[in-house]
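Please open the structure in your viewer and keep the sequence at hand, since each stop below begins with a selection.

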Amino acid sequence: MLVELIDPVKTVNSKVVDPSLTKAVEELKLIVNATWLKSRDTNMRLKIDILEKTTRYHPLLKVEDLGKLVSNLHEVHNIRNNFAHRMMFIRQKKTEEGYDWDVYLDFGSREELLDATYFKKIEELYTGTMKQLEDLTRKLTAEKKDEITKD
């Protein structure tokens with residue numbers, strides 16, 4: 001989606017675009033995607049910032065409210081980092097059926113229980129964020145299809 005947002009052919013006012021320009025733009029998009037966006041050095045936070053800044057000034061997306069999407073993407077990023085960089089620990093507990101255990105993420109001054117409620121919250125966040133991304137992608141695709149069918 002980031003590569004599609006930087007496509008200058010989508011934002012030109014003219015409906016007739018030289019095929020050589022279209023080909024050059026497609027080649028540039030491949031290079032940007034392969035060498036920069038998929039690089040290990042381009043982390044998720046940077047990609048979220050690029051998305052926010054690119055869509056803020058994108059002529060096809062002037063009416064989009066991306067605040068919630070960007071906020072959700074940052075929250076997804078933080079959750080990922082918590083699992084990647086926090087210690088997990090297990091506490092055994094006695095139940096009526098015998099022994100069971102709880103898993104926690106250690107945040108130093110606080111602990112987060114990884115129970116069904118926690119994972120339901122994550123699932124809802126991921127599902128909502130994916131829907132927002134799909135809607136944005138669909139809008140970009142629809143704009144492109146509309147331009148093609150008008151020609």
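The tour goes from the core to the pocket, then to a histidine and to the aromatic pairs.

This is a predicted model, in which local features need pLDDT of at least 70 and side-chain atom pairs count only at pLDDT 80 or more, while totals for chains, interfaces and linings use all residues. Residues are numbered from 1 along each chain as its sequence is written, and side-chain values use heavy atoms, with hydrogens and water left out.

Select Leu 2, Leu 51, Leu 69 and Leu 73, which touch the most other members of the largest nonpolar core, a set of 15 residues. Such a core consists of buried Ala, Val, Leu, Ile, Met, Phe, Trp, Tyr and Cys residues joined through side-chain atoms within 4.5 Å; buried means under 20% relative accessible area, exposed over 50%, and partly exposed in between, with a 1.4 Å probe and protein chains only. At least two residues of this core come from each of α1 (2-5), α2 (19-37), α3 (44-57), α4 (67-85) and α5 (116-150), where helices (H or I, at least four residues) and strands (E, at least two) are DSSP runs numbered from the N terminus.

Now centre on Leu 73 and show its contacts (heavy atoms within 4.5 Å): leaving aside neighbours within four places in sequence, these are Met 44, Ile 48, Leu 51, Thr 129 and Leu 133. Apart from the largest core lies another, of 9 residues, among them Val 76, Leu 105, Phe 107 and Leu 125.

Which residues should be selected next to find the centre of the largest pocket? Of the 17 that line this pocket, Met 1, Leu 2, Lys 47, Leu 73 and Leu 133 are the closest to its centre. A pocket, on a 1 Å grid over the protein atoms alone, is an open set of points where a 1.4 Å probe fits, with protein on both sides within 12 Å along at least five of seven lines, and lining residues have an atom within 4 Å of a point.

Move to His 74, found in helix α4, which counts as buried at 18% relative accessibility. Beyond its neighbours within four places in sequence, His 74 is in contact with Arg 45, Ile 48 and Asp 49.

Finally, select Phe 89 and Tyr 104, a stacked aromatic pair with 5.2 Å centre to centre and 10° between the planes. Rings of Phe, Tyr and Trp (its six-membered ring) pair if their centres lie within 6.5 Å, and planes under 30 degrees apart count as stacked, over 60 as edge-to-face and the rest as tilted. Phe 89 lies in strand β1 (residues 87-95) and Tyr 104 in strand β2 (residues 98-106), so the pair ties together parts that are 15 residues apart in sequence.
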